[in-house]
Amino acid sequence: MDLLVLGTFSVLIISLLAAILAINAYKKVTEQRKKKASNMQPVKCPVCQSELFVGEQLISKVYRPMKVPDQLMTIQGCPHCYPKCEPGVARVCPVCHKAIAPDQALTARLFNKAVGKKHVHIIGCSNCHKPRAD
């Protein structure tokens, strides 16, 4: 009889220890996620400087070929400034600092890195960056 109680008690202790370890692991992962989220800077639209919330994306076009280190791209804007600007939002070129019409876009280069995130370098708008005539 004492052996049965001792066996049940040891199973209970092992289950309790496993639960404590699982809770500690969950807390550690949650803390790491919070720390990572607090270190991240908000993403801003290069056209209107509006902060983009989770799920909001820039409206852009990337041109082929896809397997090169850098590609030409155009950026129309974000949901706050394209296709129609929200009240109080202005579309401004980050290069020449002039107003951009709703039908104009930014020209940029998209650098594809083998490791890590991609990088975008804005060249200018339709006013300040004219394509070369060959």
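**Figure 1. Overall fold of the protein chain, comprising one helix and six strands.** The model shown is predicted. Along the sequence, the elements of the protein chain are arranged in the order α-β-β-β-β-β-β. The protein chain has 134 residues, of which 20% are classed as buried. Its exposed surface amounts to about 10,700 Å², and 63% of this area is contributed by carbon and sulfur atoms. When contacts between residues at least 6 apart in sequence are considered, 44% of them link residues at least 24 apart.

**Figure 2. Close-up of the nonpolar surface patch that includes Ile20.** The patch covers about 590 Å² and is formed by Phe9, Leu12, Ile13, Leu16, Leu17 and Ile20. Of these residues, Ile20 belongs to helix α1, which spans residues 2-39. Ile20 has a relative accessibility of 41% and is therefore classed as partly exposed, this class lying between the limits of 20% for buried and 50% for exposed residues.

**Figure 3. Close-up of the salt bridge between Asp70 and Arg109.** The structure contains one salt bridge. In the pair formed by Asp70 and Arg109, the closest N and O atoms are 3.5 Å apart. Asp70 is located in strand β4 (residues 70-77) and Arg109 in strand β5 (residues 106-111), so the salt bridge ties together parts of the chain that are 39 residues apart in sequence. Both partners are shown with their side chains. Asp70 is partly exposed, its relative accessible area being 29%. Arg109 is also partly exposed, with a relative accessible area of 30%.

**Figure 4. Close-up of the largest pocket, with a volume of about 800 Å³.** The lining of the largest pocket consists of 24 residues. Val43, Lys44, Leu52, Leu58 and Val120 are the lining residues that lie nearest the centre of the pocket. Strands β1 (43-44), β4 and β6 (119-125) each provide at least two residues of this lining. The largest share comes from β6, which supplies four residues. Strand β4, one of the contributors to the lining of the largest pocket, is also the strand in which Asp70 of the salt bridge is found.

Definitions and conventions: Residues numbered from 1 in each chain as written. Predicted model: local features only at pLDDT ≥ 70, side-chain atom pairs only at ≥ 80, totals over all residues. Heavy atoms only, no water. Salt bridge = Lys/Arg side-chain N within 4 Å of Asp/Glu carboxyl O. Buried < 20%, exposed > 50% of the residue type's maximum accessible area, 1.4 Å probe, protein only. Patch = residues over 30% accessible without salt bridge, like charges linked within 9 Å, V, L, I, M, F, W, Y side chains within 5 Å. Areas by Shrake-Rupley, 256 points an atom, 1.4 Å probe, with all protein chains shown as cover. Contact = heavy atoms within 4.5 Å. 1 Å grid on protein atoms, 1.4 Å probe; cavity = no way out; pocket = protein on both sides within 12 Å on 5 of 7 lines; lining within 4 Å. Points joined across faces, edges and corners; volume = space filled by probe spheres on them.
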